[in-house]
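Welcome, and please open the model in your viewer. We will go from stop to stop, with something to select at each one.

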Amino acid sequence: MHSMKRYFLLLLLFSPGLFITNGYAVDIALPEMGDSAGALISPREEYDIGQAFFWRLQQNTELVEDPEVNSYIQSLGYKLASNSDEPGLNYTFFMVPDQSVNAFAAPGGFIGVNAGLLLTAESEDELASVMAHEIAHITQRHILRSFERYKRMTIPRTAAMIAAALLGAADPRAGSAAILAVQAGDIQSQIDYTRAHESEADNLGMQTLVQAGFDPNAMPSFFEKLQQASRYYGGDSVPEFLRTHPVTLSRIADARGRAVKYQKQQQLSDGLQFYLMKEKLRVMTTDDSSKLLNHYEQVLSLDNDKNKDPARYGYALALLKSGQHTRARSTLQPLLEKDHDRLAYQLALADIEMAVGRVSTALAIYEEFQRLYPDDQALSMNHVHALLRNGRPQEAANLLQTQLDLGENSRDVYKLMAQAKGDMGQKSQAHTWLAEYYYRSGLLKAAADQLRLAADAAGNDEYQRAKIASRLREVENALAQMEQQ
């Protein structure tokens, strides 16, 4: 089951041919969005296609829900996007707990990063180089420009056809099965992942990388590392990135040629956060606790001090995960003494307190650091969990509303708001917020059902009932469109 989910994930949304393999193109029908020189579909339609992909993705695989890791990947993504040639686009950055080395982009600004990519990258610059490349694919609308012929279709049918073609790129049998599920005729067309698109994404991606203050050499050096590593793999063991993003010597040479034209910028971000989140993700995505603990014990036993702090941090999290709370606290203590105001360390300490039932102590940590890091996404979300556990739903709702006002719209925000409103006895609002959680998960029928329950619970509150009715019409329209396949 896991392999099927992984297969769907990696093939459904991978970027439009980051590197075409041996010139191979998929001979599968797709609706044409317009030629490379002509007008494409509207930005709204493009976003709707991307959202349909994102809904399908969430229904077939789990995403990383940790607010700290998500906050990091979003912060890095927005930093890069703000330095791209289309900074005003509504980007959605998210992380998938898949160990394969890959990243992917979908129309409308949806960019996913596999855990394996962050775990393999040796610096934030390397991770940023791949994300910058994906951003360039989106700003240049490559996945849409790849279509040579076009017959206007509904948004969900278009999304399904793209999914089928991408599946067929790696497994023709899977692609054929998917085509049969969504195709109502003998439409024949082709996605051609052109070398020109790849060169353009390399060039613009590097410009974005440099303008955001990262090392331009990170892009060719990371690709070169992956190519060298591929020599030790064979057959089906080749890393996913090297299948969907083949690296050639000419691509590396071109990237190096571009890099020498740029002067390395001063890195303004805190590089330590990359290494800390890398270790947190390692702990989150490793099921074998013994193997995880042995890994950190071996790293910490080495004489050199390089990356000792991230390793100690990861070791504390691994101990916490295995239920060794006292050892986790003692392992974390030297880091707290060295850098008391480091939020990642304080959040880890609060996690330990929560795990042993000292909720009030954890709340004291959150409240103290809200003054130092006001409205921080990860801090606020962890704070909300503790408040709800402590029977303080109104305060939790206030923090969640602040996050919503700041633009944070992850599914977890809506789910927690539903819980807070339910704990406050506000049944209609609880159903309304839960409807938004289901909507953002792509579960539109469940969202509509929750809105009907919200309307029933609203009683004689005509204003609330009118708001719910309006939202229900929107959800039902979206559901009707999704069913037009």
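At roughly what angle do the axes of helix H13 and helix H14 cross, and within what distance do they come? Select residues 271–285 for H13 and residues 289–301 for H14. In this predicted model, the two axes come within 9 Å and cross at roughly 150°. That angle makes H13 roughly antiparallel to H14, and their crossing is right-handed. To see where they meet, show the side chains of Glu279, Arg282 and Val283 on H13, together with Leu292, His295 and Tyr296 on H14. Sorted by class, this contact between H13 and H14 has three nonpolar, one polar and two charged residues.

**Step back for the whole chain**

Now clear the selection and show everything as a cartoon. The protein has 24 helices and three strands. Of its 485 residues, 54% count as buried. Consider the contacts between residues at least 6 apart in sequence: 70% of them join residues at least 24 apart.

**Keep H13, add H3**

Next, select helix H3, residues 67–81, alongside H13. How does this pair cross? The axes of H3 and H13 come within 10 Å, at roughly 135°. Angles over 145 degrees would count as roughly antiparallel, and H3 and H13 are therefore oblique to each other. H3 passes H13 in a left-handed crossing. On the H3 side, pick out Glu68, Val69 and Tyr72. They meet Gln273, Phe274, Met277, Lys280, Leu281 and Met284 of H13. By class, the contact of H3 with H13 has six nonpolar, one polar and two charged residues.

**Two loop residues to visit**

Select Val64, in the loop between H2 and H3. Is Val64 buried or exposed? With a relative accessibility of 6%, Val64 counts as buried, because the cut-off for buried is under 20%. Leaving aside residues up to four places away in sequence, Val64 touches Val69, Asn70, Met95, Val96, Pro97, Leu281 and Met284. Try a distance label from Val64 to Val96: they are 32 residues apart in sequence, yet 5.5 Å apart in space, C-alpha to C-alpha.

Then move to Ser123, which lies in the loop between helix H4 (115–120) and helix H5 (124–139). Ser123 has a relative accessible area of 19% and is buried, since buried means under 20%. Which residues does Ser123 touch, not counting those up to four places away in sequence? They are Phe274 and Tyr275. Phe274 is also one of the H13 residues that meet H3.

**The sheet**

Now colour the strands. In what order do the three strands stand in the sheet? They form an open sheet in the order S1-S3-S2, with mixed pairing. Select S1 (92–96) and S2 (103–106) to see the edges of the sheet. Each of these has a single partner strand, so one side of each is left without a neighbour in the sheet. From one strand to the next, the twist averages 20°.

Add S3, residues 110–114, and look at its pairing with S1. S1 and S3 run parallel and are joined by five bridges. Among the partners to pick out, Phe94 is bridged to Gly112 in S3, and Met95 to Val113. Bring in helix H2, residues 43–60, which packs on the sheet and touches S1, S2 and S3. The direction of H2 makes about 35° with that of S3. S1 is mostly covered, with four of its five residues buried.

**Across to S2**

For the last stop, keep S3 and select S2 again. S2 and S3 run antiparallel, with four bridges joining them. Ala105 of S2 has Ile111 of S3 as a bridge partner. The two strands form a hairpin with three residues between them. In that turn, select Gly108, which has a positive phi of about 90°.

Finish by showing the side chains of S2. Which of them point one way from the strand, and which the other? Ala103 and Ala105 point one way, while Phe104 and Ala106 point the other way. All four are buried.

Conventions. Residues numbered from 1 in each chain as written. Predicted model: local features only at pLDDT ≥ 70, side-chain atom pairs only at ≥ 80, totals over all residues. Heavy atoms only, no water. Buried < 20%, exposed > 50% of the residue type's maximum accessible area, 1.4 Å probe, protein only. Contact = heavy atoms within 4.5 Å. Axes fitted to C-alpha atoms, helices over the stretch in contact; angles between N-to-C directions. Parallel < 35°, antiparallel > 145°, perpendicular 65-115°, else oblique. Left-handed = near helix turned anticlockwise from the far one by under 90°. Nonpolar A, V, L, I, M, F, W, Y, C, P; charged D, E, K, R; others polar. Pairing = 2+ DSSP bridges.
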